[in-house]
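Work through these exercises with the model open beside you. Try each task before you read its solution.

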Amino acid sequence: MRLSRTLAPTLKETPAEAQIVSHRLMLRAGLVRQTAAGIYAWLPMGFRVLQNIARIVREEQDAVGAQEMLMPTIQPAELWRTSGRYDAYGPEMLRIRDRHERDMLFGPTNEEMITDIFRQSVKSYRELPQMLYHIQWKFRDEVRPRFGVMRGREFLMKDAYSFDLDYPGAVISYRKMMLAYMRTFQRLGVKAIPMEAESGPIGGNLSHEFIILAATGESEVWYDAGFERMDFSGSAVSHQSEADLERFFAEMTTPYAATDEKHDPAAWDKVSDQRQGRGIEVGHIFYFGTKYSAPMGLSVAGRDGIPVVPHMGSYGIGVSRLVGALIEAHHDAAGIVWPESVAPFRAAILNLKVGDPLCDRVCEDLYARFAGAALYDDREDRAGVKFADADLMGHPWQIVVGPRGAAAGVVELKRRATGEKLELPIDAVHARIG
RNA sequence: CGGGGCGUGGCGCAGCCUGGUAGCGCGCGUGUUUUGGGUACACGAGGCCGCCGGUUCGAGUCCGGCCGCCCCGACCA
């Protein structure tokens, strides 16, 4: 992408409405624009990040056997009356009416809908277990939206739903999801810790929230430093092995970890390697049994022909919230420092002298070599402007092409995360970081 | 929803108390200059002063109503 042809309106000054660092940086780096309180338009740079996060979430959901689908944003009120939540949900639910005066709503979540869909077509125990998910926009009419996309009214969320024949089966699904979550957050470049949670308005009794660590986080967290050393990548844990899952689950839930509400000073004293910090909730998983399946009449024929009411769970990840949360976890005074896995571009090519035949040629060659993975700053601006914008936008690498170096056949490579710089031959750049 | 604050060129703000036809910095355009960390100078474009109504010869400024946005708290992926 050529920056001169890209809608990436960077700002030197911070808009007055933005308070927290991620919100300021998202506005300044031109990732989003606010449309109304808690509602944002995603500009090209921000959208690329959002897509990258969604891609990783999707890959890890698929990896544990969840199936992707897509449910609508608008739902009929009728569906919510069958579970009793239409009246219970309160003003957070955006209620709308269509031209036929039918009550509709902009979905804040999809338990009713998925249960209804599942009920229509699944009739036998032979078809269970199943896990389904979608990545879709949700709306919750927060009284007070704030913190930019971290607490918006409209937000992109991955929500998954599991259906099992019984409690032991549901526990296995629950553990698979926990594994998928730990892998997801690890790939997103953040430390995440599962903490036991209240099950809240959705109900149930097996529930964890996933908190990622960030100095500017919203809540205080206490945890065992052992969490920092865990590695979920690779094949150490197989989602197809119940024994693996059980061991994994024990590893996740045994060491101490708690937020303010559940912090227990007595238990905390017994932790040998204590860590205290701040965190942001980015995911939440629940087991809620037959809370929806029973009242909504979902049942399948069991092995003996007798109807069985499936046990369900639901599992959310705040995809759009993660964009803000990742910035909270990864930034410095100059701007965003994207983890490599989600950065809008792997590298920015900075042409310090647009119009100079040699610089132009070197940049064009490099740009072609990166085949879409690099952002080319071809604007006719001063070097300082380009350095500042590249730092602000946070691409992992900056490839600096100036007349002096180009004449000598070298460019400067700067690593955004550390600030370290090195000169290397033009031909070596792509091999080094491509 | 309780408490507080703010709406003035794209962004950040002054002007409002003490009405007289809108200003500063950044950004934008043109030219010169500069040429590896937001260069300097000159010229220029750009504003139903959130909306509606009222007071007045005259309203960005005073009065009333409405709308929008932000902050603290209670609440949440």
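The exercises below concern a predicted model of a protein chain with an RNA strand.

**Exercise 1. Domains**

Task: State how chain A is divided, and find how many residues of each domain are in contact with the other.

Solution:
- Start with the bounds. Domain 1 covers 3-336 and domain 2 covers 347-433 in chain A.
- Next, take the centres over C-alpha atoms. They are 38 Å apart.
- Then look at the contacts. 13 residues of domain 1 meet 13 residues of domain 2.

**Exercise 2. The nonpolar cores**

Task: In the largest nonpolar core, find which residues touch the most other members.

Solution:
- This core has 79 residues, and I53, F185 and W338 touch the most other members.
- Ask next which helix gives the most to it. That is helix 6 (residues 167-187), with 10 residues.
- Check the domains. Domain 1 and domain 2 each supply at least three residues to this core.
- A separate core of 22 residues lies apart from it, and its members include W80, L105, Y292 and M312.
- Now list the contacts of W338, leaving out residues up to four places away in sequence. Among them are L31, V49, V323, L326 and I327. W338 also touches A343, P344, M393, G394, H395 and P396.

**Exercise 3. The surface near the RNA**

Task: Describe the residues around RNA strand B: which come nearest, and how do they divide into nonpolar, polar and charged?

Solution:
- There are 38 residues around RNA strand B, and R144, R151, E281, R382 and D391 come nearest.
- Sort them by type. 13 are nonpolar, eight are polar and 17 are charged.
- Turn to the RNA side. Of the strand B atoms within 4 Å of the protein, 43% belong to sugar or phosphate, and the rest belong to bases.
- Pick out single polar contacts. A side-chain N or O atom of Q34 is 3.2 Å from a sugar or linking oxygen of RNA strand B.
- Two other side chains reach bases. For D389, a polar side-chain atom is 3.4 Å from a base nitrogen of the strand. For K414, the partner is a base oxygen, at 3.5 Å.
- Place this surface on the fold. Strand 1 (32-36), strand 13 (274-289), helix 11 (383-393), helix 12 (403-408) and strand 22 (410-415) each give two or more residues to the surface near RNA strand B.
- Helix 11 gives the most, with seven residues.

**Exercise 4. Helix 11 and D389**

Task: List the buried residues of helix 11. Then decide whether D389 is buried or exposed.

Solution:
- K386, D389, A390, D391, L392 and M393 are the buried residues of helix 11.
- Their cover includes helix 1 (21-28), strand 18 (335-336), strand 19 (347-351), strand 20 (374-377), strand 21 (397-401) and strand 22.
- Take D389, which lies in helix 11. Its relative accessible area is 10%, so D389 is buried; the cut-off is under 20%.
- Leave aside neighbours within four places in sequence. D389 is then in contact with T10 and R379.
- Go just past the helix. G394 has a positive phi of about 75 degrees.

**Exercise 5. Helix 1**

Task: How many residues of helix 1 are buried, and what covers them?

Solution:
- Six of the eight residues of helix 1 are buried, so the helix is mostly covered.
- The buried ones are S22, H23, L25, M26, L27 and R28.
- Their cover includes strand 1, strand 2 (39-42), helix 9 (319-329), strand 17 (331-332), strand 18 and helix 11.
- After helix 1 comes G30, with a positive phi near 75 degrees.

**Exercise 6. Two residues**

Task: Place R146 and T253 on the fold. Why does each count as partly exposed?

Solution:
- R146 sits in the loop between strand 7 (130-139) and strand 8 (154-164).
- R146 counts as partly exposed because its relative accessibility is 31%.
- R146 and G38 are 108 residues apart in sequence, with their C-alpha atoms 6.7 Å apart in space.
- T253 belongs to helix 7 (residues 242-253).
- T253 counts as partly exposed because its relative accessibility is 32%.
- The T253 side chain reaches the backbone oxygen of F249 at 2.7 Å.
- Beyond four places in sequence, T253 touches M178 and H208.

Methods:
Residues are numbered from 1 along each chain as its sequence is written. Chains are lettered from A and ligands numbered from 1 in the order in which they are written. This is a predicted model: local features need pLDDT of at least 70, side-chain atom pairs count only at pLDDT 80 or more; totals for chains, interfaces and linings use all residues. Side-chain values use heavy atoms; hydrogens and water are left out. A nonpolar core is a set of buried Ala, Val, Leu, Ile, Met, Phe, Trp, Tyr and Cys residues joined through side-chain atoms within 4.5 Å. Buried means under 20% relative accessible area, exposed over 50%, partly exposed in between (1.4 Å probe, protein chains only). Helices (H or I, at least four residues) and strands (E, at least two) are DSSP runs, numbered from the N terminus. Domain bounds come from an automatic or database domain assignment. Contact means heavy atoms within 4.5 Å. A residue is near a molecule or strand if one of its heavy atoms lies within 4 Å of it. A polar contact is a pair of N or O atoms within 3.5 Å; within protein, one must be able to donate a hydrogen and the other to accept it, and residues adjacent in sequence count only if both atoms are side-chain atoms. Ala, Val, Leu, Ile, Met, Phe, Trp, Tyr, Cys and Pro count as nonpolar, Asp, Glu, Lys and Arg as charged, and the others, Gly among them, as polar.
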